[in-house]
Amino acid sequence: MDNYKGCVMIYAEQNNGKIHPVSYELLNKGGEVARKKGVKLIAALIGPMEIDENELIRRGADAVFTVKEDDTYSFPDENTYANTLVHMVKEVSPDILLVGATNFGRSMGPKVASLLGCGLTADCTALDVDEEDGALIQIRPAFSENILAHIKSKNFPQMATIRFKEFDEAPINEDHVGEIIEVSKPISMPQLIEVIKEIKTNQVDLVNASVVVTGGKGLKSKDDFKMLKELATLLDGVVGASRPLVEDGFLGKAHQVGYSGHRVKPNLYIACGVSGAAQHIAGMKESQYTIAINSDPSAPIFNVADLGIVGDLYEVIPELIKQLKGE
Amino acid sequence: MNIIVLVKQVPDMDTVKFDQESGTVDRSSAGKEMNPFDLNALEMAVEIKENTGAKVTAVTMGPPSAEEVLREAISRGADEGILLSDRFFGGSDVKATARTLAAGINYIGDVALIIGGLQTVDGDTGQVIPEIAGYLNLPHASSITKLVGVSEKDITIETDLWDSTYVKKAKFPVVLAVTKEVNSPRMASFSTKMKAKKAEITTLKLEDLKELTAEDVGFKGSSTFVKKIVVPKATSRQGIKLKEEPQIAANKIMGILKDKKLLEVQNG
């Protein structure tokens with residue numbers, strides 16, 4: 001596998017046999033870095049037997065290294081996956097290793113880095129190649145998005161996790177060719193964590209919703225989310241919350257919009273009583289149309305709103321619900 | 001059973017001042033508090049202590065003043081506090097931080113459970129806990145949303161991964177990173193506050209951590225470095241801002257919804 005030494009390797013995350021879209025985003029950005037450096041782009045895929053790796057080749061991978069087995073990889077145990085990925089990295093010796101910053105990637109990635117003893121930059125929003133030394137420049141927002149830190153690694157692989165939905169997916173090119181290389185799984189891999197069962201939950205899909213109605217600190221009680229929920233339902237949307245409300249337990253983390261929550265790009269974003277801290281704006285600034293309702297005319301949310309309503313959300317929203325119902 | 005809770009003192013991110021011109025954070029401008037996620041980690045440890053009689057030790061790394069966060073941990077139910085503090089630890093990245101904390105945990109020894117918050121609100125990397133597990137050569141579980149049960153040998157939790165929820169059982173010793181959903185942290189009581197005031201805080205220096213040298217910690221032991229800091233231009237795309245009666249305001253929004261064809265869903 002010497003011909004892939006020094007390549008850009010992306011971890012192709014899969015969930016239950018289905019390739020996660022962040023993998024295609026990594027192929028896009030990773031491909032750009034690989035072309036700048038003049039090296040190969042490869043995908044590392046770990047999972048059950050049923051996965052189809054050809055999609056990764058059609059989207060730009062020069063090779064897909066796979067470790068597939070049903071029993072071992074049907075459940076998300078980061079330790080098992082990390083051990084397997086470390087095994088692949090040692091076989092291939094990539095210069096750069098990119099992992100998607102999903103819940104799973106944010107847990108497995110640092111385990112991999114510590115087992116390899118390399119550095120790791122979290123949640124990058126941009127990558128570049130240093131023209132002087134060819135090193136990977138890992139760019140990440142810090143301090144609630146107030147600054148962008150340009151970070152470099154002192155050793156190899158240069159490793160980073162990349163935010164989901166930050167880059168476009170690599171397009172499909174039916175003519176692109178690549179090879180599939182099966183790797184055997186590590187010999188000794190004690191499974192100390194047992195996955196007992198999966199609980200199917202109706203998790204809110206904030207990231208793909210076309211309408212998001214978000215509550216912020218202007219909301220007085222947990223109960224008041226019912227009003228936002230009603231508005232969201234009328235618009236066939238979902239309810240979001242700013243970080244302080246999630247931290248106070250008003251809504252679960254699955255609803256959190258912002259830098260440390262989810263990044264949303266809906267057709268319509270309605271911010272109700274959200275002041276608009278930088279960390280929140282980072283999660284919604286790419287919404288197609290934003291309406292903000294806040295009683296404080298100086299709230300920073302108005303700087304990113306297409307329509308700002310200076311008013312009491314407890315008056316405006318019930319009125320809006322009334323009009324929507326045609327009462 | 002010994003439980004370690006990892007805590008960090010962070011600035012109050014709601015009030016900390018930031019200088020857009022110089023790109024620097026004025027840490028003195030805001031109060032300091034325990035990282036909010038760590039409160040949940042501590043609460044989980046204390047709940048387990050109440051059921052099993054375990055001993056809970058809070059561990060932090062930071063300047064001598066970080067001792068305050070250990071006293072807060074004791075006031076909220078921890079039994080003792082250990083501070084890793086040495087000028088050699090300055091400038092640590094995630095790797096150097098994780099190695100130092102892992103060495104501190106090894107110094108304490110015989111630990112069944114190590115619990116930390118999913119991420120800190122200032123660094124926000126969410127990487128330190130899994131890396132500590134790696135340097136301790138222990139398994140870990142992250143994104144934990146519920147404590148299901150504890151026995152003498154193992155712990156059962158729920159975790160959000162792969163857009164679903166999974167129940168996992170982990171044998172001790174294990175490292176866990178918890179979300180804010182896992183519990184509701186308790187307040188300190190008068191008596192525990194008094195206990196915290198009087199508590200002896202143990203400070204460990206580099207020389208106490210036999211497995212590490214000055215090459216392994218701080219800036220020297222880090223694998224990443226900041227090449228430069230860029231201050232991005234503030235996003236602005238301000239549109240119309242109206243101050244109207246609720247009825248008129250709602251009417252205006254209705255107009256937008258019609259323009260955007262967002263009313264078709266419910267009417268069609």
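The exercises below concern a predicted model and are each followed by a worked solution.

**Exercise 1. The sheet of 4 strands**

Task: State the strand order of the open sheet of 4 strands, find which strands stand at its edges, and describe what packs on it.

Solution. Step 1: the order is β8(A)-β9(A)-β10(A)-β14(B), with antiparallel pairing. Step 2: the edges are β8 (126–129) of chain A and β14 (224–230) of chain B; each has a single partner strand, so one side of each is left without a neighbour in the sheet. From one strand to the next, the twist averages 30°. Step 3: at the junction of the chains, β10 (residues 147–153) of chain A and β14(B) run antiparallel and are joined by 6 bridges. Within this pairing, Ser153(A) is opposite Thr224(B). Step 4: helix α1 (residues 21–37) of chain A lies across β8 and β9 (136–142) of chain A, at about 10° to β8(A).

**Exercise 2. The sheet of 10 strands**

Task: Give the strand order of the open sheet of 10 strands, then locate its edges, a parallel pair and the helices that lie on it.

Solution. Step 1: the strands follow the order β13(A)-β11(B)-β10(B)-β9(B)-β12(B)-β8(B)-β1(B)-β6(B)-β7(B)-β13(B), and the pairing is mixed. Step 2: β13 (193–199) of chain A and β13 (201–204) of chain B are the edge strands; since each has a single partner strand, one side of each lacks a neighbour in the sheet. Neighbouring strands are turned by 35° against each other on average, direction ignored. Step 3: β9 (residues 140–150) and β12 (residues 174–178) of chain B run parallel, with 3 bridges between them. In that pair, His140(B) faces Val175(B). Step 4: helix α4 (residues 78–92) of chain A lies across β13 of chain A and across β9, β10 (154–161) and β11 (164–171) of chain B, running at about 150° to β9(B). Helix α2 (residues 67–75) of chain B touches β6 (55–61), β7 (80–84) and β13 of chain B, and its direction makes about 160° with that of β7(B).

**Exercise 3. The interface**

Task: Describe the contact between chain B and chain A by residues and by buried area.

Solution. Step 1: 85 residues of chain B are in contact with 93 residues of chain A. Step 2: the area buried between the two chains is about 7800 Å², and carbon and sulfur atoms give 59% of it. Step 3: in chain B, the residues that lose the most area to chain A are Trp162(B), Arg237(B) and Ile253(B), together 11% of what that side buries.

**Exercise 4. Two residues of one loop**

Task: Decide whether His255(A) and Arg263(A) are buried or exposed, and list their side-chain partners.

Solution. Step 1: His255(A) lies in the loop between α7 (243–247) and β16 (268–272) of chain A, and Arg263(A) is placed in the loop between α7 and β16 of chain A. Step 2: buried means under 20% relative accessible area. His255(A) has 19% and is therefore buried; Arg263(A) has 11% and is therefore buried. Step 3: the side chain of His255(A) reaches the backbone oxygen of Val239(A) at 2.7 Å, while the side chain of Arg263(A) makes a polar contact with that of Glu166(A) (2.4 Å). Step 4: leaving aside neighbours within four places in sequence, His255(A) is in contact with residues including Val204(A), Leu206(A) and Ala241(A). On the same basis, the contacts of Arg263(A) include Phe164(A), Val207(A) and Gly283(A). Step 5: Gly283(A) is 28 residues from His255(A) in sequence and 12 Å from it in space, C-alpha to C-alpha.

Conventions. Residues numbered from 1 in each chain as written. Chains lettered and ligands numbered in written order. Predicted model: local features only at pLDDT ≥ 70, side-chain atom pairs only at ≥ 80, totals over all residues. Heavy atoms only, no water. Pairing = 2+ DSSP bridges. Helix = DSSP H or I, 4+ residues; strand = E, 2+ residues; numbered from the N terminus. Axes fitted to C-alpha atoms, helices over the stretch in contact; angles between N-to-C directions. Contact = heavy atoms within 4.5 Å. Buried < 20%, exposed > 50% of the residue type's maximum accessible area, 1.4 Å probe, protein only. Polar contact = N/O pair within 3.5 Å; in protein donor to acceptor, adjacent residues only side chain to side chain. Buried area = accessible area lost by both parts, 1.4 Å probe.
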